[in-house]
Every structure is written in C-alpha cells, then in structure tokens.
Amino acid sequence: MKVFSVLLILIIALPIKSPRIFSREVLFEIRADQVKQQIEGFGVSGAWWAQDVGGWSQVNRDRITDLLFDQQKGIGLTIYRYNIGAGSGKNIIDPWRNTETFEVEEGKYDWGRDENAVRIMKEAHQKGVTNIIAFVNSPPARMTKTGYVTGGKEGKSNLREDMYDDFAQYLVDIVRHFREDESLPVKWISPINEPQWNWNNSKGQEGCHYTTDEIVEVIKVLLEKIEEEKLDVGVSAVDAGEWKTSYIYMDRLFLNKYINDRTDHFAVHSYWSTTRQKEKASRYFREQYPDKKLWMTEWTEMKKGVDYGMDSGLTMANVIHEDLVIAGVTSWQYWIAVSKYNYRDGLIYTDQYTENIRETKRLWILGNYSKFIRPGYKRIKVSGQHNDLRLSAYINGDRDRLVVVAINNSKKSREFVLDLVNFDGNKLDIYRTSETENLEHTYSGKVIKEFKLPARSVTTLVLTRL
Amino acid sequence: MKKSIGLFILFLLVMGLIGTGVIDAETTELKMTIYGSKNDIAIYEERIVLAEEMYPDIDVELIYIPGEYAQKVKTMIAGGQAPDIIMLGEDVHAYSSKGQIIRLDEYIKEYNVDLQERFADSVVAQYSYRGGLYAMPDRSGAMIVYYNKDMFDKAGVDYPDKDWTWDDLVEAGQKLTIREGDEVVQWGFAAGDWWPWWLSFIYQNGGEILNENDQPVVNTPEVIEALQFYNDLVYKYRIAPSLEDFANIGDPGPDPLFAQGKVAFQITGFWNVGSLKNVPELNWDIAPLWGNKKNATVSFGSGLGITKDSKNQEAAFRILEFLTSFEGQLPIVENRQDVPANLELQASDEFVNADWAAGRDINMDVFKESADIILTPPLHPQWNEIMKIFGDNLSEVFMNKRSVEDAVKEIQSRLEFTLF
C-alpha cells in the first residue's frame with residue numbers, strides 16, 4: 001500500500017521521464033527566436049495596508065516583505081506602487097483607506113507623516129524592489145473644489161482649475177524628497193487614477209474624476225514641472241479603469257505631441273475587462289502607437305468572500321496570461337498586497353488589529369511568474385492550443401535561461417509535449433502551485449520534453465543552459 | 001397555503017400516521033428555476049402560492065439561481081436533474097432548438113388558451129420556433145421613449161409620439177441640446193452601444209439581421225443607413241453623448257443622465273418608471289418609439305418553458321397557464337415589478353391606473369400602444385454568438401474609428417461563417 005502511494009505521488013508530481021505514447025498528444029512549440037515584448041517586471045500596490053502593516057513588529061513586517069519582495073524567501077516582486085495619500089479626513093470611515101498627507105500648507109511638508117507606509121516602501125526596496133511608482137487617487141483637500149478628497153459633484157473633476165500648478169509642484173516636491181533624501185527608486189508619478197468613474201463620497205475612498213481635456217492639462221503641467229525642476233522621473237498615465245473605453249484616453253494622451261514625446265507607456269487596469277476587449281484595445285494601441293508600451297497597473301478579482309485557494313488563484317493566473325500574451329503588457333501590477341476584507345483581494349490576508357498572516361494561492365501563483373520572469377526578459381512565441389492549458393514563455397537577455405509558465409485549468413491532470421526551437425538548455429527546474437503545493441520546487445535535473453500537469457495547477461519550467 | 005399544508009404533513013409525520021409514499025401519490029412536485037433580483041423572488045413566490053391554491057395537488061419548488069443562470073440550468077439538464085419549468089430570456093431557442101424544452105401547442109389547445117387574446121403576436125413570435133410555441137410569455141415590456149416635459153416645453157418642441165420620424169428626432173434633438181461654450185449642459189438624446197437601441201433603428205429602417213430562413217442579411221443599404229444615422233446622432237448632429245462624453249461626465253448610462261435632468265429624451269425599459277419615482281422634481285412622461293420606414297421597438301421580458309425531461313409536463317403546463325393568466329400575473333403589477341405579458345391585465349385599471357410614479361400622471365397606455373410595433377428579433381439558437389459578433393464590430397463604429405460599411409461587411413461574413 002505504501003509503495004503504491006509513493007508511486008502515485010511520483011506520477012502526479014514529477015514530469016514523465018520515460019518515453020511513452022500519449023493517447024492524444026498535445027504539442028506546444030516554443031520559438032526562442034521569435035521575440036515579443038520585453039518584460040519590465042511584476043508589482044503590487046501599497047495602498048490601504050502599508051500604513052497599518054508598517055506599524056507591525058519587525059518580525060511580522062519582515063515576513064510580509066519577504067513573501068512579497070524577496071526572490072529567495074518569497075515571490076520577488078520588483079515594482080512597488082506607493083500611494084501618495086491626500087489626507088483623507090473624516091469622511092472615509094475605514095481606517096485602512098484613510099491616508100496622511102505630507103503637506104502641512106503650500107510648499108511646507110512634514111516628512112514624518114505616513115511613516116508606516118514609508119517604512120514598508122523602504123523595506124520593500126531593501127528586499128528587492130527596483131522601481132517605485134508614486135500614485136495618487138486624489139489631490140489634497142486644499143486643491144479640491146469640494147474640500148473633500150473623495151470626489152466632486154455630479155461627475156465634475158474635483159481639482160480646482162487654479163490648482164494644476166500647485167498639484168504638480170506638490171507631486172514633484174514629494175518625489176524629490178523620496179529620491180534625494182531617502183534614496184528610493186521612485187521612477188514614475190501617476191497623478192490620475194481611473195478618471196472615468198464618478199468619484200464621490202459614497203465610494204468610501206479617495207478618488208477624483210477628470211474629463212479628457214482635464215487629463216491632458218494635468219499631465220502636461222506635471223511634465224512641464226518635472227522638466228523645469230530637472231527631476232529624473234517619468235509620468236505614468238492614465239490608470240484607466242478598464243480596457244473597453246481605454247481608446248479614449250490612449251488617443252487623447254498620445255495625439256498630444258508634448259505628452260507623446262515625454263511618455264513611454266499607457267497604464268490601464270484589467271478590472272471588468274473581457275479577453276476580446278483587451279485584444280481589441282491593445283491591437284489598436286500597437287497599430288497607432290507602435291513605439292509605446294502598455295502597462296497593466298491594477299487588478300484584483302472583484303468578488304466578495306475570502307478565498308485562499310486555487311479558485312481565485314486560477315482566475316488570476318488566467319488574467320496574467322491574457323494580459324501578457326493577448327494584450328502584450330510589459331508590466332503587471334496587482335492591487336493590494338495585504339487584505340483584511342471579506343473579498344478576493346490581497347495576496348495575503350490579515351485581521352484588523354492583529355498581525356495575523358495568511359498566505360493565499362494568489363501570492364504563490366503570482367510568484368510562478370514574478371520570481372522567474374525577471375526584468376529584461378522577453379516574451380517568446382508559443383504555438384499550440386489546448387482547451388484547458390495555457391502556456392507562455394520568456395527568455396533572458398543572455399539567452400541562457402528560458403521560463404515557461406503553464407496553467408492547467410482542468411479538474412483533471414493534463415499532459416503535453418514541449419518542442420523547443422532554437423534553445424538548447426541542459427538543466428530543468430520545475431516549480432508548482434496547486435491545491436497541495438505553494439510554488440514548490442518539484443523537479444531538478446536533465447531536460448525532458450513530456451510533462452504531466454496536476455489538476456488545477458500553475459507550473460513554471462525553468463530551462464537553463466549551463 | 002403551501003406552509004399550512006407543509007405543517008400539516010409534518011404533523012402527520014411526527015404523529016407517525018403516514019409514510020412519505022402516501023404524500024408522493026397525492027401531490028405532484030415540480031421544480032421551477034428563476035433568475036433576477038431578490039425582490040423578484042418574493043414576487044414569484046407570491047404567484048406560486050396563488051397557483052398552488054388553484055391547484056392544491058401541485059407543489060412547486062422555486063429554485064433561484066443568482067448568477068450564471070444559463071450555465072447552471074444546462075448543467076442541471078445534462079446531469080439528469082432537469083427542473084420541470086424554466087424561466088427563459090433571449091436564449092430561449094438555445095433550448096428549443098435542442099429539444100430540451102417542449103412544444104406547448106397541444107396543451108394550449110387542450111386547455112383552450114387563446115394565445116391571440118392573451119398575448120401580443122410579436123411576443124408570441126419571440127418564443128416560437130419552427131412553427132411551435134416553446135414558452136409562455138410571462139413578462140414583456142417594450143422599450144419606450146422617456147422625455148422631460150419641462151425641457152420640451154421650454155424649447156417649444158412637441159412631445160414625442162408614434163408619428164415622429166427620424167427627421168423629427170434630429171430636429172427636436174438639435175433644439176433640445178444646449179451648449180455653454182464648448183460644454184454641453186443639456187443633451188437632446190442619449191443612447192449607446194446596447195443592442196436594443198441600435199437594433200430598433202435597423203428595424204425602423206426596414207432592415208433586419210437574419211431573414212426568414214435564418215440567413216444573415218446585414219450587409220444591406222437599410223442596415224448601413226440605419227447604423228450610420230444612429231452614429232450620426234452622436235458625431236454628426238452632436239445631439240447625443242459619445243463614449244468619451246459619457247466618460248467625461250463620470251460614466252453614467254443614459255438612465256441616470258435622464259434622471260439627473262441632463263438629457264431631454266431617451267429610450268429605455270419599464271424599470272425606469274420605478275427608478276424615476278425617486279426623482280420627484282423631474283417632470284417626465286413616456287411615449288411609444290418613433291419610426292422611419294416603420295415604427296419598431298424591442299421588448300424585454302421572459303417566458304416560461306417546460307423541459308423535455310420533466311415527468312410532470314401536464315401539471316407544469318397547468319401552472320404556466322395560471323401564471324400567465326390575469327390573476328397569476330397580478331402580483332407583477334401590484335409589486336411594480338414589470339409589464340405583464342397578459343394583454344387583459346396590460347389594459348386593465350390595475351395596470352393603467354396604478355400609482356407607478358408617485359402621483360404623477362404617466363401615460364401607461366404606451367405599453368399597450370407599443371405592443372404592435374414590437375419587433376421580433378431573430379432569437380436564433382446562437383443568439384449570444386450573433387450578438388457578440390455585432391458587439392465586437394460595432395464598438396469601433398460607435399467610437400467613430402471605423403466606417404459602418406466596413407464593420408457591416410465583416411459582421412455579414414462572420415455571421416455567414418458562424419451560422420452555417
């Protein structure tokens with residue numbers, strides 16, 4: 001009986017070593033010579049949790065930042081989105097969604113504020129983050145029309161017409177402080193977030209709506225300020241809330257020559273978006289603006305209820321796959337890393353007023369990508385189709401390491417054969433996330449070509465040429 | 001009623017007086033699947049209680065499926081757990097074409113149901129497939145025009161009615177669109193990319209999307225002209241907001257825009273009557289849709305079908321017959337849920353003179369007046385695929401990034417490929 005169990009485990013967990021005939025052979029061809037987009041990295045947002053977790057004990061804080069940013073102990077994310085809070089005030093009830101603003105009055109800052117979130121940002125940087133995006137949900141209250149940071153009235157933008165320059169100066173001052181006083185690699189400012197939605201008090205979070213004309217003006221004024229102040233940062237725009245209507249913003253930004261000359265990517269969120277919408281919008285973008293890149297800068301499954309398992313994990317894996325392969329994004333950034341909510345967000349769950357840490361499959365599945373597909377890797381072509389399997393592949397700059405991420409959506413195990421063209425690796429490592437495994441290193445040895453993926457799993461194959 | 005029978009049975013069981021077999025012999029148990037909001041469930045429950053009072057020998061269990069309805073019903077059928085009665089929408093013929101629901105014609109004859117008297121022909125046509133009726137129409141409200149009376153009065157424009165042509169629509173829209181500098185502060189009209197809107201215009205122009213033999217007939221002058229006109233309302237006449245305009249005003253749909261008093265007229269369904277009740281300061285009324293070569297509008301609703309695998313089809317039909325009768329549909333009206341499919345009820349005081357809009361005098365006859373202009377969309381078994389092909393191609397047209405001719409050509413060829 002014992003022998004039987006061991007055999008069974010071997011069959012499920014290991015690639016098939018001995019040659020065998022597949023009843024219905026599934027072949028995927030990977031062409032190392034057919035190169036697609038260059039990956040800039042994977043990331044996560046610090047919004048809503050860092051200002052709490054940053055006040056935790058060192059040991060628990062380390063556990064969180066190790067899981068997220070350390071390539072050995074965790075999933076090695078290299079991009080961090082720091083939320084420049086507007087200083088929420090009393091109309092946001094949830095303490096996690098309340099922020100502190102650095103601004104004391106015009107041109108005067110208290111850099112001791114938001115210390116917990118800044119601590120997390122610094123520790124994230126120490127653990128491996130190389131690129132920080134400072135993003136904004138709302139300008140501070142003194143610059144808004146309503147005096148609140150939760151939005152305007154009847155869908156009007158809440159940023160006062162006479163405050164565009166103040167807003168730009170405020171952002172430049174904060175980012176200069178991070179870069180020069182704190183040596184933090186803040187490389188982009190994202191001044192606008194999901195401008196199409198009607199942000200108002202009822203949403204319970206900071207937000208600000210902008211019309212397309214206002215967007216162009218905010219970005220232009222900010223770019224001018226950055227240039228005038230000789231700050232070495234770019235602008236990340238426009239964090240559109242969905243793909244379907246993203247055309248509107250792509251065109252308005254890049255048809256403006258001044259913005260076009262100074263902006264290298266368009267940032268969009270994958271919420272509420274179908275595969276077809278991503279395919280269409282990204283194809284349009286590439287045709288119109290072939291020298292620009294696409295970033296996916298926010299996504300989490302919009303579904304109530306806590307889920308630790310493969311259900312939401314696989315949903316996320318498929319979104320990552322689509323965004324990288326179909327939409328061709330160069331950067332993929334998840335929404336909140338830590339959640340206390342009864343929701344399918346967060347890579348890690350905690351409970352308010354505790355330092356509880358509970359990992360999810362989402363964390364490890366993001367790791368199937370982020371830990372192995374490092375900045376500078378290029379996506380390469382994969383041919384082959386299967387209803388339950390989705391494969392994507394990436395190669396490093398030295399062309400001596402090739403990474404394949406394979407999703408098996410089926411409730412049954414699935415087999416496939418890999419045909420590598422123009423890559424002769426001699427070592428293979430396999431890492432897997434499934435119901436029973438958390439990015440587990442399941443195989444290390446010579447290169448084989450036939451694989452069996454367990455039911456509902458995400459597997460990373462790392463092929464190396466030694 | 002249901003509860004009291006249940007309690008009585010429980011009492012007998014507790015007393016050890018009967019075995020469950022006795023109950024099975026006397027009561028026919030039916031399962032019925034429904035979708036909708038929680039409010040909808042209560043109204044179905046109310047109607048089922050009435051049906052059970054009518055037929056004490058039948059016990060109906062409601063199965064509410066909150067999400068992925070079609071998928072779950074299909075799984076139940078495939079897994080040998082088919083419900084007896086299913087609520088159906090536009091995908092009715094995905095079931096009828098596969099023989100998963102039965103033709104009701106024989107029962108209709110046996111129970112002397114006068115279809116023409118009970119339902120509008122256009123609604124019966126929607127649930128008919130190859131000469132047979134596969135579902136009893138249950139709820140059915142035409143898309144109608146909602147208009148802001150104050151805005152029309154101020155601009156000196158006559159209220160919309162059935163006689164309006166497309167020229168009237170443009171003329172009124174232009175008078176009712178008000179600009180302050182570059183900014184539009186009041187739109188004449190508002191619509192978008194939802195199929196009931198553009199499909200109505202296609203039919204108003206004498207076009208259709210599938211002919212009587214289910215062959216695609218999209219690449220025609222009538223369809224091209226209709227879609228071009230529909231898009232011109234936004235980009236040529238500038239009387240309706242574009243997608244960018246919608247995004248710029250915080251992305252409300254036409255319904256909220258109308259409720260906010262920012263649009264003079266729009267097309268939407270019965271549900272808006274209830275929503276507008278909460279906006280007491282808005283002075284509005286409703287009208288049937290206009291036409292071009294003819295009048296046409298879409299109706300929204302649901303029907304009730306009986307599965308092939310039901311072991312109690314006749315009992316199920318008796319329930320359907322009751323649920324679509326005047327009495328069986330009354331809770332739909334009393335609870336302000338929807339327009340009932342039953343014509344007698346539609347014309348009755350209960351419907352026409354109900355206080356739908358908080359004391360406001362709304363012309364509820366519009367729903368009955370609309371009954372004879374309801375178009376019969378080709379509810380083909382592959383309706384969902386057809387709509388996806390339209391949606392994929394028209395979205396770029398509606399963003400003014402692609403010509404109507406080009407999109408229509410591709411839709412035609414993709415439909416030909418998909419449907420044959």
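In this predicted model, the centres of domain 1 and domain 2 of chain A sit 32 Å apart, taken over C-alpha atoms. Where do the two domains run along the chain? Domain 1 of chain A covers 17-36 + 380-464, while domain 2 of chain A covers 40-376.

Now for the place where these domains meet. On the domain 1 side, 20 residues are in contact with 20 residues of domain 2 of chain A. Four strands of chain A each give two or more residues to the domain 1 side: β16 (389-395), β17 (401-408), β19 (427-433) and β22 (457-464). By class, that side of domain 1 of chain A splits into eight nonpolar, eight polar and four charged residues.

Next, the two chains. Eleven residues of chain B are in contact with twelve residues of chain A. Helix α13 (residues 243-248) of chain B gives the largest share of the chain B side, with four residues. The classes on that side of chain B are five nonpolar, three polar and three charged residues.

Here are the two sides by class:

| Side | Nonpolar | Polar | Charged |
|---|---|---|---|
| Domain 1 of chain A, touching domain 2 of chain A | eight residues | eight residues | four residues |
| Chain B, touching chain A | five residues | three residues | three residues |

One more thing to look up in chain A is helix α11 (residues 361-370). Is this helix mostly covered or mostly open? Helix α11 of chain A is mostly covered, with ten of its ten residues buried. Among the buried residues of α11(A) are Lys361(A) and Arg362(A), along with Leu363(A), Trp364(A), Ile365(A) and Tyr369(A).

Conventions:
Residues are numbered from 1 along each chain as its sequence is written. Chains are lettered from A and ligands numbered from 1 in the order in which they are written. This is a predicted model: local features need pLDDT of at least 70, side-chain atom pairs count only at pLDDT 80 or more; totals for chains, interfaces and linings use all residues. Two residues are in contact if their C-beta atoms, placed from the backbone, lie within 7 Å. Ala, Val, Leu, Ile, Met, Phe, Trp, Tyr, Cys and Pro count as nonpolar, Asp, Glu, Lys and Arg as charged, and the others, Gly among them, as polar. A residue is buried if 20 or more other C-beta atoms lie within 10 Å of its own, exposed if 12 or fewer, and partly exposed in between; C-beta atoms are placed from the backbone. Domain bounds come from an automatic or database domain assignment.
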